[in-house]
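Please open the structure in your viewer and keep the selection tool at hand. The tour moves from the whole chain to a few chosen residues.

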Amino acid sequence: MESELARLRDEALAALDTCRDDADIEALRVRFLGRKGELTGVLRGIGELPVEQRRVIGETANQIKTLVEERIVALRTRWQEEQRARSLAAERIDITIPGNQRPYGSLHPLLQALDDTVAIFTAMGFEVARGPDIEDDYHNFAALNIPADHPAREMQDTFFIAPEVVLRTHTSPVQIRVMESRQPPLQIIVPGTVYRCDDDVTHSPMFVQLEGLMIGKDICFAHLKGVLTAFVHTMFGPDTPVRFRPSYFPFTEPSAEVDMGCVICGGRDTGCAVCKGSGWLEVLGSGMVHPNVFRAVGYDPEQVSGFAFGMGIDRISMLRYGIDDIRLFYQNDLRFLRQF
Ligand code: DAH
């Protein structure tokens, strides 16, 4: 019996050495340790042995069983470790290699000028309002005191979509929309794209404006001057000269254009090409809101007053960065855009 056990042990261990995968091991386990396994058979037969042999044989058989089980566990563990070492080697990454550098985008120079302009006015308590790019004739013209036969319509080369529908030629119609839906006091700015049938170095068929409107009790021209001077000084520097020059807009009375000392030549007497020899650059249009505009929105011109202004953000950006052709803003040439 003892030699039979020794044979089983040697055979099991030898067979284990030839195992190449889990399936081999499982087959072997069933063959020796399974319910009908060879070693199991021996253990089961112990009861029939003479009493004096039982203990010795039983002990030996159990030792062999434990030995084989331990070998199986050891073999599996070794395989797992080898497998892990192999995949670690295969998936090895060098975390010291520099990553792929993605190219940075940057804000478009128009957007930078617009963001800064909006920030200056919101700091003064103005709130941002918006309106549609496609406008009706009433909001774009009539309500702004520009009747159908008014020559001022020719100041703006309008894109018509239908007889009474236009691409807005300015952001001023948003003044009307806001006043129609709210009561004074109001202090708003309106950034937005506007459209005119015009195309050269200083005109683009689509460009960006920022409108402003401040309405309340006793708002006067001094408020207009104070707010707009503060804007120019914050945007272009506190020493920038500012002047208010009489002008005409149908929706304001009186109206003023705001000029600042030329950023290129510093407003020297002789001037330069950018300011056309005058030493001054025009930055925006403004004025006290016309009583007819108040009447159009149902405000009483005897009770409220206010000022409005409108500026071209393209122009602000051009002056700020010394850009001499407005079309550069809309061509998306990376060689141009990368400079900002
Ligand atoms: N809407 C005018 C334009 O596009 C600009 C303008 C001038 C707006 C005077 C105003 C203003 O609000 O008061 O030419």
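Begin with the whole chain: in the protein, 66% of the contacts with a separation of 6 or more are accounted for by residues 24 or more positions apart, where contact means heavy atoms within 4.5 Å. The model is a predicted one, in which local features need pLDDT of at least 70 and side-chain atom pairs count only at pLDDT 80 or more, while totals for chains, interfaces and linings use all residues. Residues are numbered from 1 along each chain as its sequence is written, and side-chain values use heavy atoms, with hydrogens and water left out.

Switch to a cartoon view, where you can look for 12 helices and 10 strands; these are DSSP runs numbered from the N terminus, with at least four residues for a helix (H or I) and at least two for a strand (E). Now turn the C-alpha trace, which spans about 130 × 50 × 40 Å along its principal axes. The radius of gyration of the protein is 44 Å, whereas a compact globule of 340 residues would have one near 20 Å, a rule that takes 2.2 Å times the number of residues to the power 0.38, with the radius taken over C-alpha atoms.

Next, select phenylalanine 249 and phenylalanine 251, both of which are buried, meaning under 20% relative accessible area with a 1.4 Å probe and protein chains only, while exposed is over 50% and partly exposed lies in between. Their ring centres are 5.9 Å apart and their planes are at 20 degrees, so the pair is stacked. Rings of Phe, Tyr and Trp (its six-membered ring) pair if their centres lie within 6.5 Å, and planes under 30 degrees apart count as stacked, over 60 as edge-to-face and the rest as tilted.

Select tyrosine 321 with phenylalanine 340 next, an edge-to-face pair with 5.1 Å from centre to centre and 70 degrees between the planes. Tyrosine 321 lies in helix H10 (residues 313-321) and phenylalanine 340 in the segment after helix H12 (334-337), so the pair ties together parts that are 19 residues apart in sequence. Tyrosine 321 is partly exposed at 29% relative accessibility, and phenylalanine 340 is partly exposed at 22%.

For a wider group of rings, select Phe121, Phe126, Phe231, Phe307 and Phe309, which form one aromatic cluster.

Finish at valine 263, in the loop between strand E8 (252-261) and strand E9 (280-289). Which residues does valine 263 touch, not counting residues up to four places away in sequence? Select Phe236, Leu281 and Leu319 to see them.
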